[in-house]
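This briefing covers a single structure in four topics: loop residues, the nonpolar core, one buried serine and one helix. Please look over the sequence and coordinates before reading on.

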Amino acid sequence: LFDEGGLRSPRLEIAHEIECDILDIAQSQAQAAETAKDPAQRQVHLAISAFLSGASLEDALRRLCDARRITYDAQRTSLSKLQAVLFQPSKQIEIISSSENKHITAWGDTRNKADHGKFSEITYAEAVAMVLGVRAFIDQHML
C-alpha cells in the first residue's frame with residue numbers, strides 16, 4: 001500500500017515525532033535564553049537551540065532524500081550538501097522550494113555559528129525563527 005501511495009511512510013512519521021521532540025528541547029533552550037540573567041549563559045542556551053534545530057533539519061533532509069530515493073554521499077551529509085541534492089533547478093529537481101532553499105541556507109549559517117563556537121553572534125530572534133521554521137519545514141515534508 002505504501003508503494004502505491006495508499007499509506008504514508010511509517011519511517012517518516014516516526015522520524016517526525018523524534019525530530020519534533022528534539023525541536024521541543026531546542027525551543028525550551030531558546031526560552032531559557034530569554035530569561036537567563038548571565039549573558040554568557042544566554043548565548044550557550046541560544047547555541048544549544050541552534051545546534052539541535054540544525055541537527056533536526058539535517059536528519060529531516062537526509063530522510064527526505066531517502067524517501068524520494070535521491071542519492072547523496074552518506075559520508076558527507078552536511079546541511080548544504082543535502083540541500084544541494086534536493087534543490088537543483090537546472091536538473092528539474094525541486095523537492096524543496098526556492099524559498100525553503102533560502103531559509104535552509106540561513107538556518108545553516110546559524111547552526112554553523114553554534115558549531116564553531118561563535119555563540120555571541122546568535123541572536124534570540126534568529127534561534128527562535130530557526131526552531132519555528134525547521135518545525136514547519138518538518139511538518140510539511142515529513143507528514
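Gln92 is exposed, because its relative accessible area of 67% is over the 50% cut-off. The model is a predicted one. Gln92 sits in the loop that links β1 (87-88) and β2 (93-94), and its phi is positive, about 60°, although the residue is not a glycine.

**Loop residues with positive phi**

- Besides Gln92, Arg69 is a non-glycine residue with a positive phi, in this case about 55°.
- Arg69 is placed in the loop between α2 and α3.
- The relative accessible area of Arg69 is 67%, so Arg69 is exposed.

**Largest nonpolar core**

- The largest nonpolar core has 30 residues, and the members that touch the most other members are Leu57, Leu61, Leu86 and Phe137.
- Two or more residues of this core come from each of α1 (10-35), α2 (39-67), α3 (79-86), α4 (98-115) and α5 (124-141).
- Helix α2 gives the largest share, with eight residues.
- In soluble globular proteins, nonpolar side chains tend to be buried together.
- Beyond its neighbours within four places in sequence, Leu86 has contacts that include Leu61, Leu64, Cys65 and Ile70.
- Ile93, Glu94, Ile95 and Ile96 are also in contact with Leu86.

**Ser53**

- Ser53 is a residue of helix α2.
- The relative accessibility of Ser53 is 0%, which is why Ser53 counts as buried.
- With neighbours within four places in sequence left aside, the contacts of Ser53 are Leu23, Ala26, Met130, Val131 and Val134.
- Two of the residues in contact with Ser53, Leu23 and Ala26, have numbers within the range of α1 (10-35).
- Met130, Val131 and Val134, which are in contact with Ser53, are listed among the buried residues of α5.

**Helix α5**

- The buried residues of α5 are Ala127, Met130, Val131, Gly133, Val134, Arg135, Phe137, Ile138 and His141.
- Phe137, buried in α5, is also one of the core residues that touch the most other members.
- Helices α1, α2 and α4 are among the elements that cover the buried residues of α5.
- How far apart are the end C-alpha atoms of α5? They are 26 Å apart, which agrees with the 26 Å that its 18 residues should span at 1.5 Å a residue.

Note on methods: Residues numbered from 1 in each chain as written. Predicted model: local features only at pLDDT ≥ 70, side-chain atom pairs only at ≥ 80, totals over all residues. Heavy atoms only, no water. Core = buried A, V, L, I, M, F, W, Y, C linked by side-chain atoms within 4.5 Å. Buried < 20%, exposed > 50% of the residue type's maximum accessible area, 1.4 Å probe, protein only. Helix = DSSP H or I, 4+ residues; strand = E, 2+ residues; numbered from the N terminus. Contact = heavy atoms within 4.5 Å. Expected span 1.5 Å × (residues − 1).
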